[in-house]
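Me: I'd like a close look at one part of this model, namely how its helices and strands sit against each other. Please spell out the cut-offs as you go.

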Amino acid sequence: QLTTTYNAGELHDDHPVRFTNGGLRLDHKPENAIEWYVKIPHHEDYHLWMPAQPNPEQRDWLEALNAGDATMGESRLFERDGTWYLHVTATRDVEERSDVSAEERTPIGVDIGEASLATVCHRDGHGSPTAPELWADEGKTVRRLRKTYFTATRRLQTRGSERIVESFGDDIWDQIDDVFHRVTREVVEYAESVENPVLVLEDLTYIRESMDYGEYMNRRLHGWGFAKLHAQIRYKAVEKGIPVETVNPCNTSKECHACGEVGYRPRQATFKCTNDACWMGEYQADVNGAINIA
Ligand SMILES: [Zn+2]
């Protein structure tokens, strides 16, 4: 039975408000300072939209729920020591993982970027980089959509058309999310084409720590969708029984994958090795990064 009215003073650990499936709804607005919202049913025609801070480690579950790839079950809202918590039950189907040891698996490096939305690469049986795949057109599409959003919202906001801004923004971000879902599905399909794969991503906690606040906010505002893409890859990989590991991203974009020397980028898409003894010279920068991650 759906709870529609309650006394906030009665909400505690032992007296949570329970919502059966269908009662709650999650909404993701990447364009807002607070990205996640929970719709709490209150009266028949009146709902509360509560801003919510997700646990970063459960981000993939939220993405799965948001995409309709997981089913929401019963949820509980409660207060503990002055903080409000929402526990959401979610279920999804996953394939059983084969019991191949970590050493026998083939690491597939996934580099998330601005120019190429995603770049994947792995090494063949002889250790040579093979089958690089880049999603550059999708990177271009996302940049164009983001630009449309920021240009149009600035114009609409000066006219005070807040409601138009919101519905327009939802539409644009839905289009970006569609691109994200297609790319992350194809990344997982790439992994499925390799025998005993393990997908390797950069550990986002290191990236947040190494970036100063301005740089981080700038990237977030530009909708890199870094965390979103990672979360989508994670939950789709689990669905296919593919393990996911993370690595410290330190120098993954700066080192030469052949000799390990720190090089530089003469152009955005090009990595140049500065080691005279190294055969490599110039290499596609995103692919170099993906191999280092692998
Ligand atoms: Zn080199």
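Reply: Contact here means heavy atoms within 4.5 Å. This is a predicted model, with local features needing pLDDT of at least 70 and side-chain atom pairs pLDDT 80 or more, while totals for chains, interfaces and linings use all residues. Residues are numbered from 1 along each chain as its sequence is written, and side-chain values use heavy atoms, with hydrogens and water left out.

Let's start with helix α1, residues 59-66 (helices are DSSP runs of H or I, at least four residues, and strands are E runs of at least two, numbered from the N terminus). The axes of α1 and helix α6, residues 226-239, come within 8 Å and cross at roughly 80 degrees (axes are fitted to C-alpha atoms, for helices over the stretch in contact, with angles from 0 to 180 degrees between N-to-C directions). That puts α1 roughly perpendicular to α6 (65 to 115 degrees). On the α1 side, the residues involved are Arg 59, Asp 60, Glu 63, Ala 64 and Asn 66. Over on α6, they meet Ala 227, Lys 228, Ala 231, Gln 232, Arg 234 and Tyr 235. This α1-α6 contact is made up of four nonpolar, two polar and five charged residues (nonpolar is Ala, Val, Leu, Ile, Met, Phe, Trp, Tyr, Cys and Pro; charged is Asp, Glu, Lys and Arg; the others, Gly among them, are polar).

What else does α1 touch? Helix α1 also lies across β5 and β6, and it runs at about 65 degrees to β6. Those strands belong to an open, three-stranded sheet ordered β1-β5-β6, with antiparallel pairing (two strands pair if DSSP finds at least two bridges between them). At the edges are β1 (17-19) and β6 (83-91), each with a single partner strand, so one side of each has no neighbour in the sheet. From one strand to the next, the twist averages 15 degrees. Strand β5, residues 71-80, is joined to β6 by eight bridges, and Met 72 sits opposite Ala 90 in β6.

Now for a second sheet with a helix across it. This open sheet goes β12-β13-β14, again in antiparallel pairing. Its edge strands, β12 (264-267) and β14 (282-284), each pair on one side only, and here the twist averages 40 degrees between successive strands. Two bridges link β12 to β13, residues 270-272; the partner of Tyr 264 is Lys 272 in β13. Helix α7, residues 285-293, lies across β12, β13 and β14, at about 80 degrees to β14.

One more helix pair: α2 (residues 136-158) and α3 (residues 162-192) pack at about 175 degrees with their axes 10 Å apart. The two are therefore roughly antiparallel to each other (over 145 degrees). Their contact divides into 14 nonpolar, six polar and four charged residues.

Terms used
Angles under 35 degrees count as roughly parallel, over 145 as roughly antiparallel, 65 to 115 as roughly perpendicular and the rest as oblique.
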